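User: I'd like to learn how to read a protein model feature by feature. Could you walk me through one?

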Amino acid sequence: MANAVEKDIAPNVKTESEKTRENITKYEEELKQYFTDLKKESFYIYGTGVEGAFEKLAVVQEHIEKFDQRVADFEYFCRMFEFSDELNPVYKNLDHIKTEVNLVTRLWKHIKKSQEKFAEYKERHWGDIDVNDMEDEIKKLRKELGDLKGLDRKTNAFIGIKDDLQRWTTFIPLLGELKDPSMDVEDNRHWKDVQTAVKKEFEVVDSTPLGVIWDLKLFEYKDAIEDITDKAKQEAKMEKILNKIEERWKEVVFERTQHKDTNIMLLKMSDDNFEALEENQVQTQNMSASKYLAYFETTVNKWRESLAAIFDVVGLLSEVQKTWSFLENLFIHSEEVMKELPNESEKFRDIDKRVKAIIENGNKIMNILKFCTQDDVYKKLDEVQQELKVCEKALNRFLDEKRKAFPRFYFVSVNDLLDILSNGNSPAKINKHMSKIFQAIENLDLKDQGGARPVAVGMKSCVGHEYVPYDSPLELAGKVETYLATTIDKMVNTLHDVTAKSFKAISQMDRDKWIAQDPA
């Protein structure tokens, strides 16, 4: 009976089976077409917005649910007709749709999260912005976007959120630059430069919402903004250096040392201050070469000139004081020099007054900057230095003449020679130089004559304790080179006489006594 029924309905089963196959094939094509049409949906457009995208995705989700129900119906017939493999292409296409919708849904969830963060940022006040935290959050959002695998990265929605995140990535570091303290100056010049760059007028205070800054689209002017902030930082550095220079040189004063036994105080600058001067000169020179010089150009130029004046004047003052101190003993206190060089001596007296006036002026002002930036101080120093050189040349000619007159002076240092010549009228004062003039002689034995120059009555050796008395006192009269030449003759004659007497005595005395009685 069953076989008979099965045989009777076989044609109908075959018909329905073929009909089901056709429907499955058609449904497969419908799913393919749906997937193709899905690509044209508005949720692939960034401008659709989060709300519009989710509304459309909800509709698609309803379609998917219907697709699932239809597949369930096909599964029933496939089991009935025993050809379940026929549904594999349908499963595959439906999975493509579900996967795509899932990816797009995840994308829009990320877009929603990102846009909510953007909106939150825009509500923040300028004074409350923490750039570092914002940078970290944007980096995290960009990473999450990159981790969405399988998405078509060429879709408008993906490119849209990627571009927005990139804008914020560019924008936030610019905020950090604009919030740098160097941007806040009294004349607001740096923010005015920003206004010029973006071609909009605005004001930024602590309560300004970040949205106002965002609307300026600073990310489109990245290079210009960075140039402005770089300029602000460099100008801030310049201002800091210039303030330090001003503070230092406002306080720097001369060091003073007493000139010999007089009440004149010579002036000098300490080594520490000289090192600071060189450092400050290099700093102002570097600032002059900076492309950001414009705003501080007048101040920098003023300090370059002032520091150069300090360098020049202090250096020249040191030379003048040294030369003047050196020549003073000779042209003021040496009768011999005044006699031999009357014109130069007269000229030096005038120089002496002018040098003392300059030194007195420095002692009165004390502040090095004020002293060195006087209009005529360098000119005065240069004039006296040139005149001192003339006197020095005359002195050198005079010394050469003295050396020619008494050649042993060639072996004496200039300072010692000057001391000898300046004290030529006082043999006692030059007695300390005898060891430099005569070999193995410590000094001469001088005997005071009661007011007149002393006379030499013997000579002492610088080796051992030898002493040779002269046979008669030697008058130290006339110029120093004259009585020193006479001293040589006296030494030779004395030693000749001592030697002659010693030869005579050797035949008349015991050898031991003979050796002991004479010098050496």
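Analyst: Happy to; we'll go through strands, backbone angles, surface patches and salt bridges in turn. Please keep in mind that this is a predicted model.

User: Let's begin with the strands. How many bridges join strand 1 to strand 2, and how do the two strands run?

Analyst: The general idea is that two strands count as paired if DSSP finds at least two bridges between them. Here, strand 1 (residues 255–258) and strand 2 (residues 265–268) are antiparallel and joined by four bridges. You can follow the register residue by residue: E255 faces K268 in strand 2, and R256 has L267 of strand 2 opposite. Together the two strands make a hairpin, with six residues between them.

User: Which residue in the turn has a positive phi?

Analyst: That is K260, with a positive phi of about 50°. K260 is not a glycine, and its place is the loop between strand 1 and strand 2.

User: Is K260 buried or exposed?

Analyst: The reading goes by cut-offs: under 20% relative accessible area is buried, over 50% is exposed, and partly exposed lies in between. K260 has a relative accessible area of 39%, so it is partly exposed.

User: Where is N188, and what is its phi?

Analyst: N188 sits in the loop between helix 5 and helix 6 (189–198). Its phi is positive, near 60°, and N188 too is a residue other than glycine. With 34% relative accessibility, N188 counts as partly exposed.

User: Now the surface. Which residues form the negative surface patch?

Analyst: To join a charged patch, a residue needs over 30% relative accessible area and no salt bridge, and like charges are joined within 9 Å. In this model the negative patch consists of E255, D271, D272, E275 and E278. Helix 9 (residues 271–288) gives the most to this patch, with four residues. E255, on the other hand, is found in strand 1, where you met it opposite K268. E255 is partly exposed because its relative accessible area is 37%.

User: And which residues form the positive surface patch?

Analyst: R142, K149, R153 and K162 form that one. Take K149 as an example: it is found in the loop between helix 4 (131–146) and helix 5 (156–178). K149 has a relative accessible area of 58%, so it is classed as exposed.

User: Which residues make the nonpolar surface patch, and what is its area?

Analyst: For nonpolar side chains, the joining distance is 5 Å. Y76, F77 and M80 make a nonpolar patch of about 300 Å². F77 belongs to helix 2 (residues 49–81), and at 33% relative accessibility F77 is partly exposed.

User: Let's turn to salt bridges. How many does a search of the whole structure find?

Analyst: The criterion is a side-chain nitrogen of Lys or Arg within 4 Å of a carboxyl oxygen of Asp or Glu. With that, the search of the whole structure finds 29 salt bridges. A good one to start with is E29 with K32, at 3.9 Å from N to O.

User: Why are E29 and K32 separated by about one helical turn?

Analyst: Because they are three residues apart in helix 1 (residues 2–38). E29 is partly exposed at 43% relative accessible area, and K32 is also partly exposed, at 35%.

User: What is the N to O distance for D376 and K380?

Analyst: Their side chains meet in a salt bridge at 3.2 Å. D376 is partly exposed at 35% relative accessibility, and K380 counts as partly exposed at 41%.

User: Which residue forms a salt bridge with D419?

Analyst: K432 does, with the closest N and O atoms 3.8 Å apart. D419 lies in helix 15 (residues 414–422), while K432 is in the loop between helix 16 (427–430) and helix 17 (434–437), so the pair ties together parts 13 residues apart in sequence. D419 is partly exposed at 23% relative accessibility, whereas K432 is exposed at 56%.

User: Which residues are linked in a network of salt bridges?

Analyst: K117, E120, R124 and E137 are linked in such a network.

Notes: Residues numbered from 1 in each chain as written. Predicted model: local features only at pLDDT ≥ 70, side-chain atom pairs only at ≥ 80, totals over all residues. Heavy atoms only, no water. Areas by Shrake-Rupley, 256 points an atom, 1.4 Å probe, with all protein chains shown as cover. Lys, Arg positive; Asp, Glu negative; His and termini not counted. Charge placed at Lys NZ, Arg CZ, Asp CG, Glu CD. Buried < 20%, exposed > 50% of the residue type's maximum accessible area, 1.4 Å probe, protein only.
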